[in-house]
Structures are given as structure tokens and as C-alpha cells.
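Welcome, and thanks for taking a look at this structure. Please have the sequence and the 3D view open as you read the briefing.

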Amino acid sequence: YIVTIRVKPDHSGVVTDGVKHSMNPFCEIAVEEAVKLKEKKFIKEVVAVSCGPTQVTETIRTALAMGCDRGIHVEVSGKDYEAMGPLQIAKIFAALAKKEEASLVILGKQAIDDDCNQTGQMTAALLDWPQGTFASEVTIDGEKVKVVREIDGGLETIKISMPAVLTADLRLNTPRYATLPNIMKAKKKKIANMKPADLGVDMVSRVEVLRVDEPPTRLAGVKVETVDDLVAKLKANGTI
Amino acid sequence: MDSDGGKGGIPSHILRRHCKRSRLSKKLFTSEDHFSTVLKNRFKFDTNLQIAAHGLSDEQKEFQKMAFDFAAHEMSPHMAEWDEKEIFPVETMRKAAQLGFGGIYVQPEVGGSGLSRLDTSVIFEALSTGCVSTTAYISIHNMCNWMIDTFGNTEQREKFCPELCTMDKFASYCLTEPGSGSDAASLLTTAKLEGDHYILNGSKAFISGGGDTDVYIVMCRTGGKGPKGISCVVVEKDTPGLSFGKKEKKVGWNSQPTRAVILEDCHVPVTNRLGQEGQGFNIAMRGLNGGRINIASCSLGAAHACVQLARDHLLVRKQFGEALSNNQFLQFKLAEMATKLVASRLLLREAAVALQESRSDAVSLCSMAKLFVTDECFNICNQALQMHGGYGYLKDYAVQQFVRDIRVHQILEGTNEVMRMIIARSLLSESG
């Protein structure tokens, strides 16, 4: 993920052309958890879904190589793609979850490019399903799911009914490497193609980006000789 | 954390944010956490990756991406330690085997991945960016595995290949002797037939993995002089009469032990012979064709890594008031390095395709590729070291290890002089 991000000259966003894209690391953790649950025979089938332009199929293939059974590519490109945010994606996921009769929707807790941390929660709200977010441990117990969540004060354990939405946090698992045989098997797995309109979802954004700027450059520090000097300086610039 | 292969690709500034949460989280995030180990010593060769991926199928790009990830997370952080402490990284290699790297071009029915020579070259090139020495050993292991798979009968294949594919057992290739290196066909190790056993007597030199591996593919003389008198037998560890010399101290390739293999009245069952009597030299040479592609691939990976390291250094290091990357001589040098890298890669991949298609020019092309690629890539890595200035000479920086590790690629699996012999012979025999 070592990429130098540059703001577009017109300040409307960041430059994404020619920048290498790959699966969001928290989504990798989500895929791993789903595949694990299937291996433990708690769930029957894992469907990998991604919304975006054609390149997104590469990411779906990686998910298939990790063990998902089939993929769905929801095609969004051009202006719609630039304006696409958590709400639009949540609507798509909600529609798909109903269509596929899913018992679980597992996502990464947030994307590391926009850090929104909204899609999972919005999806649950639209479906009116319970949500287990920031999951660091997931256990299926009959028709319920026990989720240990990472919260500011420590860990919280909840039990929610299925169908449910889960979002994966860092310590949920360590994603596997795809094996050579699985990469080859993935070639034969199907990726269905559809558009948001097919799911009855309107992609109109309710958010208008006014301006994108780089963070201010860090100024040089100032060295002081004594603690008194430090206190004086902090008082002078209004910090204390 | 899982015991099977896993990766952590999350940058440290993002990790730190996610761990600011609570004191409990901080405790969980120990320094042993492999995320942080990855970041301490990480080389991400993504920029050049796009060029290295040109012309590959989607599937090959997946293999390549996976191999690069494995190299960056499982090998690169340890490469310096393995070199310094001379550790044979058995656990890491077994993790690689779980992904299918133990028998990449071995057939699936005995546990292999059944991939092509080109797929293999792409994979070794990627793995080599993590640790040349370990990848080179994995390639030797693969070569031996393939030899049994291709020339062995059903019993031999079923006995040896599955465990070699999982790397439950490791293999060594034993051809060279103290008295026969380039003149391999003059080897002296004898194998006298007595009943249903061969009695082997002789010694092999410079054997990669020797002493720590389980399965030894030994070329020995069952017949008269010259190549037609040589056979190929599989000698298993702990066979009475099989012993090893001291561990050699080498300039590079330190993550694999190198020892002499000594055979004194070593009894090997006739059922361990691969193919016919007198076929051994041919088997050895067929193995080496692929082995040469693999070794050259390792050189290529090292050069790929070094071009990136040199580039990064030039952007950061300042002298005479500006970054070295503003210096035209260095810009030109870097351009030449990158050009030779791409040229090497194309020749190597062409040779790999020729080999997998059994083209008539395959042997010659493999020799050309081995010659050109190992020479050019050594020069690239050496140049990269020079561009680092004094820092290039310190073991704190990876570039010196790449240089030391690939130097031997110009020597083994047939010296680059022998490569010229093979090419010349092929050229001169065509006319007339």
C-alpha cells in the first residue's frame, strides 16, 4: 500500500488513475472469516461481491482464490463511481442480501482509503438486521451469532440473531494466501455481472464534495532550554 | 494467529490508529505481531510489478501477486537473519509448500501443482525478491521432485513425490564431484550391481541441502566411461554408508547448507534407480534445463528488487544540495539497469515457453537465458550496490545480500562458460 497520494489539481478528489488498487485489508479479513465459517460447515456458500468498474473483477478473483464459491460484480463506472459512497453501496448490498437470501453479510469494518466506517452499519439499518461491528471473534451458535467486539473500553460480547451484518476488525483472523491449486480452481468459478439499476438502486449521491486539500505541511519544531521556557511558549500560542 | 500461511499488509500508520483504542488492544499488539515485523524490514516492489506482469495471463498474474505477497511477508523480513545465522528455514519453506510451491511443475496426481515452466519462472522470480538463497533451494528441490515424477516408475513416484510436494521431505541434486564439475560426464562415483542392490562408492561436492535433506538424487557410474555409463539413483537419508562432509562457509546462499556427500559401500536398492541404466546423464541434463530457467528466474527477482532499492535510494539521498535522482549519470545508469532487466525477463520467459513446448531450440535457449540473465542481473545488482555508496557495503542494507547471493548463479547448474559451449555446439551443428 505504499502509494503516494496526490490531490487532483482541481481539488475535486485524489488521483486514482494508474494507482494500483487491491482488496481492502479489512475486507480480506472478512473473506477469510467467511471461508473459515464455510470450512467449519456453519454456512453453505460464500458469495464475494464488489461494486465498481471492470478492474474490480480482479479483486473478486482473489476472493474466489481464497475460497469463495462465486462472485457478483455490480458494475459502477464513470461519474457514478466517483460519487459512490457508503450509502449507495449499502443499498446495493441490502438489495443483494435479500435477493440471495443471505444469512450473513460480512464486510471489512472500513476501507483504508476513505475510512468511512459506515457501509456495514447502513446495510444493517436498511435491512433492519442486527449488526455485530468491529468483530474480533465470531462464533455461530444455532440461529444466533456471538460476536466479541473491539470497543474503546476493551471488548464487548454480544449475541445477535441471524440474519445479521458483521464487520471485521483487525484481530478477527489472519487472511490466508491463495494456494496455487485454488487460484486455478477460481478460474472456473462464476462471476455474475449486474448493474445497480437491476437491483432497483438509485446511485444519486446525497453528499457533495466541496473541496479536497492535502493536510497542512508539518512545520519545524522549536527547541527550548528549560521547562519554564516551554510553559511560556505554550501559554503564548494559546495551547494552555 | 493462524498456523497456516497468513499475511498482514496493513500499513503501520493505519495499524497504530486501530490500536489507539484501548490499553487492552495495545497489549494484544505485541512486537511479535507479524504485522509489525513485516513493516520493519519491508520491500514492496509494486512499481516494477506492473512491468513484470506484462504479457501474463490473469491466472499468472494471480500466482505472481500471491508469490510477491508471500515473499514480502514471509521471507523478506527474515532474509538477513537467515543469511547471518545460516538458518535453513524449514518452517517457511513448508508454508510455501502448503501453497503449492513444493512441486510447481510436478503432476497433480502425485501432489504437485501441474503448472507450466513459464508459471514456475514467474513464481520463482517473485519469491526471489524475498530471499534469493531460499528460493534457489526451493527451485533445486522442485527440480529433483520433477526428475522423480518424470523418469520414475509408478512406485517411485508414489513413494517420493507426495512428501516432496508437501516438503515433509527435502531433496538434493548430486552430480558434481571434487574431480568433475564442468566435465560432469567424467564423474567417478561407482555403483556396482550386487544382487538387488547397487553398492555406491565415491563423493559428491557442493551439494545444496546436503546433510539436512532426506532424498538424494545421485548420478553414478554403473557402466563404462562417458555419459552413457551413468545412471541415476535415489538415495535416502540414514542409508548406511551415506555420510556428509563439513558444512561449507560460503559468500552467499547461506540459508541453505552446502556439504560434500560421501558414499562408502552405500547399499541402494535397484528399485531406487530412476529410468534405465545408462540413462542417468540424460536425466541429469534434462533436469538442469529447467533448473537453469529457475536459477535465472532467481537472478531476475534479485535484480528486480535491486532496481527498486536503487531507485528509492536515489530519490532520498542528497549530495551537492540535491537528490541523487537529479544526477544525469545516475539517471542513465538506472535506465540501463531497467532496460537490461526487461530484456533479461523477456529472454527468460521465451526460453521457459520453448522448454514447456519441447521446441527444438529449447536447450540452446535455456542456456542462452541462463548465461545472459545471470550475468546481466549480477551487473544490475552490483550497480545498485554502487549507487548506495558506502551504505551499499553495510549488511544493514539488503542490496549487498542480493549481490552475494546471486553471484553463484553464474557458476552453478553449468557455468556460464559451459553455457557458451552448449550454444556454440548447437550453432555449429546446424550448419552442414
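Below is a short tour, grouped by topic.

This is a predicted model, in which local features need pLDDT of at least 70, side-chain atom pairs count only at pLDDT 80 or more, and totals for chains, interfaces and linings use all residues. Residues are numbered from 1 along each chain as its sequence is written, chains are lettered from A and ligands numbered from 1 in the order in which they are written, and side-chain values use heavy atoms, with hydrogens and water left out.

**Confidence**

- The predictor gives the complex an ipTM of 0.80 and a pTM of 0.86.
- Chain B has a mean pLDDT (the predictor's confidence in each residue, from 0 to 100) of 90, and 88% of its residues reach 70 or more.
- Among the elements of chain B, the highest mean pLDDT, 98, belongs to helix 14 (residues 399-407), and the lowest, 35, to helix 3 (residues 34-40); helices (H or I, at least four residues) and strands (E, at least two) are DSSP runs, numbered from the N terminus.
- In residues 19-43 of chain B the pLDDT is below 50, and the stretch has 52 contacts in the model beyond near neighbours in sequence, a contact being heavy atoms within 4.5 Å.
- Where pLDDT is low, the predicted coordinates should not be read in detail.

**Nonpolar cores**

- A nonpolar core is a set of buried Ala, Val, Leu, Ile, Met, Phe, Trp, Tyr and Cys residues joined through side-chain atoms within 4.5 Å; buried means under 20% relative accessible area, exposed over 50%, and partly exposed in between (1.4 Å probe, protein chains only).
- The largest core has 140 residues, and those touching the most other members include A:Leu104, B:Phe101 and B:Met219.
- Helix 11 (residues 280-316) of chain B gives the most to this core, with 17 residues.
- Beyond its neighbours within four places in sequence, B:Met219 is in contact with residues including B:Met147, B:Tyr173, B:Ile230 and B:Ala284.
- Apart from the largest core lies another, of 22 residues, among them A:Leu96 and A:Met203.

**Annotated positions**

- An unreviewed UniProt entry places an "active site" at B:Glu413; UniProt positions are given in the numbering used here, feature names are shortened, and annotations may be inferred rather than shown by experiment.
- B:Glu413 lies in the loop between helix 14 and helix 15 (416-430) of chain B, and its relative accessibility of 11% makes it buried.
- Not counting residues up to four places away in sequence, B:Glu413 touches residues including B:Arg292, B:Lys370 and B:Met419.
- In chain A, the unreviewed UniProt annotation "domain: Electron transfer flavoprotein alpha/beta-subunit N-terminal" covers residues 11-203, where the chain is 33% helix and 27% strand.

**Aromatic pairs**

- There are nine aromatic pairs over all chains; rings of Phe, Tyr and Trp (its six-membered ring) pair if their centres lie within 6.5 Å, and planes under 30 degrees apart count as stacked, over 60 as edge-to-face and the rest as tilted.
- B:Tyr105 and B:Trp146 form a tilted pair, 6.3 Å centre to centre with 40° between the planes.
- B:Tyr105 sits in the loop between helix 7 (90-98) and helix 8 (117-128) of chain B and B:Trp146 in helix 9 (residues 132-151), so the pair ties together parts 41 residues apart in sequence.

**Cysteines**

- A search of the whole structure finds zero disulfides, a disulfide being a pair of cysteine sulfur atoms within 2.5 Å.
- B:Cys306 is in no disulfide, and the nearest cysteine sulfur, that of B:Cys381, is 3.5 Å away.
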